[in-house]
Amino acid sequence: MDLFDDLPPDAAQTPIAPGAMLLHGFARDGDAALLQAVESVLQQAPLRHMQTPGGYTMSVAMSNCGPLGWVSSASGYRYAALDPLTGQPWPAMPACFLDLAQRAAAQAGYPHFEPDACLINQYVPGAKLSLHQDKDELDLRAPIVSLSLGLPAVFLFGSPSRKDRPQRWRLVHGDVVVWGGPSRLAFHGVSALAEGAHALLGRRRVNLTFRCVRKK
Ligand code: MD3
Ligand code: FE
């Protein structure tokens, strides 16, 4: 059962922690256009399973759009202007991505959000993301905006200290979360995706994260 089933799409928002706001179903209306833009980006910059510096292959498949993209390899994590797979710049950020990210950030109290990177994560059942911090971005005053599409996921949200036990939040299709202020450096991750099929995306979950990497 979904507690918010009988609310209009933009009526509900839940504070997760200081600086972190969950906007329930914020992107549900534009989902078809967003998904079409995702597929167009992925045609130019295909999903790939990156290596971690520790020598593992990530279960989440990734790509990027916008001026900078997050890449991981045996030599470390970094943001890069060129896709190492194609040697080309990452595809431009689709207008509907930027519009969604800016409207969500403004709704959560960040009116001047100008992301220069968008990481695309694709999960199939069983894929997961271990607890980590996102701290490769130079502008830590800016929030990160995340959009979930497709199968639901259990999102793990800890504090800026790894020792606290993380909270669990269920993120569903169309949910947008804005992570800023004291939450910006919190540890977070995603539990192994459960089996299922989504009406629009099928057997997968796609997550977009909008980031400000360069200082403004
Ligand atoms: C909280 N992605 O790409 S989105 C990531 O669902 C990442 O694919 C997850 O963690 C996913 O780095 C979670 C929510 C999220 C993203 C970035 C954050 C939460 C965050 C940065 C700081 C604090
Ligand atoms: Fe992250």
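This report covers the iron site, the ligand 1 pocket, the cysteines and several individual residues of a predicted model.

## The iron site

Three residues supply the protein donors of the iron ion (ligand 2): His132, Asp134 and His188. Each histidine binds through NE2. Asp134 appears twice, through OD atoms. These donors lie 2.0 to 2.7 Å from the metal. In sequence, the spacing of the donor residues reads H-x1-D-x53-H. The two histidines come from distant parts of the chain: His132 belongs to strand 7 (residues 129-132), and His188 to strand 12 (residues 188-190). They are 56 residues apart in sequence, yet their C-alpha atoms are separated by 5.5 Å.

What is the arrangement of the 6 donor atoms around the iron ion? It is irregular, because the angles they subtend run from 50 to 172°. For six donors to count as octahedral, opposite donors must be over 155 degrees apart and all others between 65 and 115. The 50° end of the range falls outside those limits, so the octahedral label does not apply. For reference, ideal angles for six octahedral donors are 90 or 180 degrees.

The two histidines also fall into separate burial classes. His132 is partly exposed, at 23% relative accessible area. His188 is buried, at 16%. The cut-off for buried is under 20%, so the two values land on opposite sides of it.

## The ligand 1 pocket

How many residues surround ligand 1? The count is 18. The closest are Asn121, Tyr123, Asp134, His188 and Arg205. Asp134 and His188 are also iron donors, so these two residues serve both surroundings.

Several side chains approach oxygen atoms of ligand 1. For Tyr123, an N or O atom of the side chain is 2.6 Å from a ligand oxygen. For His188, the corresponding distance is 2.9 Å. Arg211 places a polar side-chain atom 2.9 Å from an oxygen of ligand 1. Ligand 1 taken alone exposes 490 Å², and the protein buries 98% of that area.

## Cysteines

How many disulfides does the model contain? The count is 0. Cys118 is in no disulfide, and the nearest cysteine sulfur, in Cys65, is 3.9 Å away. The cut-off is 2.5 Å, so the Cys118 and Cys65 sulfurs do not qualify as a pair. Cys118 is buried, with 0% relative accessibility.

Cys212 has no partner either. Its closest cysteine sulfur is that of Cys118, 12 Å away, which is too far for a bond. Cys212 is buried as well, at 4% relative accessibility.

## Buried residues in loops

Met58 sits in the loop between helix 1 (31-44) and strand 3 (61-65). Its relative accessible area is 14%, so it is buried. Met58 and Phe97 are 39 residues apart in sequence. In space their C-alpha atoms are 25 Å apart.

Met93 lies in the loop between strand 5 (76-80) and helix 2 (95-107). Is Met93 buried or exposed? Met93 is buried, because its relative accessibility is 16%. Pro67 is 26 residues away from Met93 in sequence, and the C-alpha distance between them is 7.9 Å.

Asp139 occupies the loop between strand 7 and strand 8 (144-150). Asp139 is buried, at 4% relative accessible area. Which side chain does the side chain of Asp139 contact? It makes a polar contact with the side chain of Arg141, at 3.1 Å.

## A buried strand residue

Gln122 is found in strand 6 (residues 117-123). It counts as buried, at 16% relative accessibility. Gln122 and Met93 are 29 residues apart along the chain, and their C-alpha atoms are separated by 17 Å.

Technical notes:
Residues are numbered from 1 along each chain as its sequence is written. Chains are lettered from A and ligands numbered from 1 in the order in which they are written. This is a predicted model: local features need pLDDT of at least 70, side-chain atom pairs count only at pLDDT 80 or more; totals for chains, interfaces and linings use all residues. Side-chain values use heavy atoms; hydrogens and water are left out. Donors are N, O and S atoms within 2.8 Å of the metal (3.2 Å for Na, K and Ca); water is not among the atoms, so sites may look incomplete. Four donors count as tetrahedral if all angles lie between 85 and 135 degrees; four count as square planar and six as octahedral if opposite donors are over 155 degrees apart and all others between 65 and 115; anything else is irregular. Helices (H or I, at least four residues) and strands (E, at least two) are DSSP runs, numbered from the N terminus. Buried means under 20% relative accessible area, exposed over 50%, partly exposed in between (1.4 Å probe, protein chains only). A residue is near a molecule or strand if one of its heavy atoms lies within 4 Å of it. A polar contact is a pair of N or O atoms within 3.5 Å; within protein, one must be able to donate a hydrogen and the other to accept it, and residues adjacent in sequence count only if both atoms are side-chain atoms. Accessible areas come from the Shrake-Rupley method with a 1.4 Å probe; for residues, only the protein chains shown count as cover.
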